[in-house]
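I opened this one knowing nothing about it, so these are my notes in the order I looked things up. Here is what I had on screen.

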Amino acid sequence: MSIENKVHDTSPDDDSTQHVDEEVEAASSVAPIVFGVLVLAVGVVLLWQAWRVPGELDPQGPRFLPVALATGWILLAIAYLASAIAALAGRRVDMAAQRLDHLPRVLALVVTLVAYAYLLEYAGYLISTSALFAVCATILGNTHHIRAAIVAVALTVAVYFLFTQGLNIHLPTGVLPV
C-alpha cells in the first residue's frame, strides 16, 4: 500500500476573486450616494420642522437658529452628494470605500439620543444628561465605566450650574428638587 502526497491548491481562483472584487467595488461606489441622499432627506425634514416653530425668523426669534442649522445641514449634504456623484462618474480609484462597520454604534447613539429626548422632561437634566454621557462613552468604546460615570456627573453638574446660575437659563429639574 502506498501513501500518496496530494498537494491541494489553496490559491483562490482568479475568476471568482475578480468577480467578488467587482461586486464590492460596485456596492462601495454607490454607498456614498445612498448615504448622501439619506443625509439630505434628514436635512429636509429638519428644515420642515424648523419652519413649524412658532415665532419670528429674525435673529432674536426662536425660529432663526433651527432654520439656519437645517439650511447648513442641507448645504453640506448637497456638497457631499455632489462629490459622491462626481467620484462615481469619474470612477476615481483613490476614493476610499465607505464601510458600514460603524453602523451599529451610530444606530445605538441615535437610539440613545432619542431616549434622552424623552427622558429629559421626566427625569430632569441632571439624571438624563449624566446617563447620556456615560452611555455614549460606553458605546464609543470606553471601558472604564466608573471613570466615565464620574466624569459624566461632574460635567453635567458643572454645565447645569453654569446655565442655571451663570446664564439664568432654567433646565428641566425632573424628579430632583434642585
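**How helix 4 and helix 5 sit**

Helix 4 and helix 5 turn out to be oblique to each other. I got there from the angle: their axes cross at roughly 140 degrees, and over 145 would have counted as roughly antiparallel. The axes come within 8 Å, with helix 4 covering residues 125-139 and helix 5 covering residues 145-166. I also looked up the hand of this crossing, and it is right-handed. I should jot down here that the model is a predicted one.

Next I wanted to know which residues meet there. On the helix 4 side I found Tyr125, Leu126, Thr129, Ser130, Phe133, Ala134, Ala137 and Thr138. Across from them, helix 5 brings His145, Ala148, Ala149, Ala152, Val153, Leu155, Thr156, Val157, Val159 and Tyr160. Sorted by type, the residues of this contact are 13 nonpolar and five polar, with no charged ones.

**Helix 3 against helix 4**

I then went to the other partner I had noted for helix 4. Helix 3, residues 103-123, packs on helix 4 at an angle of about 170 degrees, and the axes are 8 Å apart. That makes the two helices roughly antiparallel, since the angle is over 145 degrees.

From helix 3, the residues in this contact are Arg105, Ala108, Leu109, Thr112, Leu113, Tyr116, Leu119, Leu120 and Ala123. They meet Tyr125, Ile127, Ser128, Thr129, Leu132, Val135, Cys136 and Ile139 of helix 4. My tally by type reads 13 nonpolar, three polar and one charged. Tyr125 is on my list for helix 3, and it is on the one for helix 5 too.

**After helix 5**

What does Leu171 touch, leaving aside its neighbours within four places in sequence? I had placed Leu171 in the segment after helix 5. Its contacts are Tyr125, Tyr160, Phe163 and Thr164, so I met Tyr125 again. I also checked Leu171 against Leu120: they are 51 residues apart along the chain, and their C-alpha atoms are separated by 9.4 Å.

Asn168 is in the segment after helix 5 as well. Its phi caught my eye, being near 60 degrees, a positive value in a residue that isn't glycine. Most residues other than glycine have a negative phi. Is Asn168 buried or exposed? It is exposed, because its relative accessible area is 54% and the cut-off is over 50%.

**A stop in helix 2**

I picked Ala79, which is in helix 2, residues 64-90. It counts as partly exposed, at 46% relative accessibility. From Ala79 to Leu40 I noted 10.0 Å, C-alpha to C-alpha, with their positions 39 residues apart in sequence.

**Stepping back to the whole protein**

I left the overview for last. The protein has five helices and zero strands, so from the N terminus on I simply wrote α-α-α-α-α. Buried residues make up 20% of its 178 residues. The accessible surface comes to about 13,300 Å², and 69% of that belongs to carbon and sulfur atoms. Last check: among contacts between residues at least 6 apart in sequence, 56% join residues at least 24 apart.

Note on methods. Residues are numbered from 1 along each chain as its sequence is written. This is a predicted model: local features need pLDDT of at least 70, side-chain atom pairs count only at pLDDT 80 or more; totals for chains, interfaces and linings use all residues. Side-chain values use heavy atoms; hydrogens and water are left out. Axes are lines fitted to C-alpha atoms, for helices over the stretch in contact, and angles run from 0 to 180 degrees between N-to-C directions. Helices (H or I, at least four residues) and strands (E, at least two) are DSSP runs, numbered from the N terminus. Angles under 35 degrees count as roughly parallel, over 145 as roughly antiparallel, 65 to 115 as roughly perpendicular and the rest as oblique. A crossing is left-handed if the near helix is turned anticlockwise from the far one by less than a right angle, and right-handed if clockwise. Contact means heavy atoms within 4.5 Å. Ala, Val, Leu, Ile, Met, Phe, Trp, Tyr, Cys and Pro count as nonpolar, Asp, Glu, Lys and Arg as charged, and the others, Gly among them, as polar. Buried means under 20% relative accessible area, exposed over 50%, partly exposed in between (1.4 Å probe, protein chains only). Accessible areas come from the Shrake-Rupley method with a 1.4 Å probe; for residues, only the protein chains shown count as cover.
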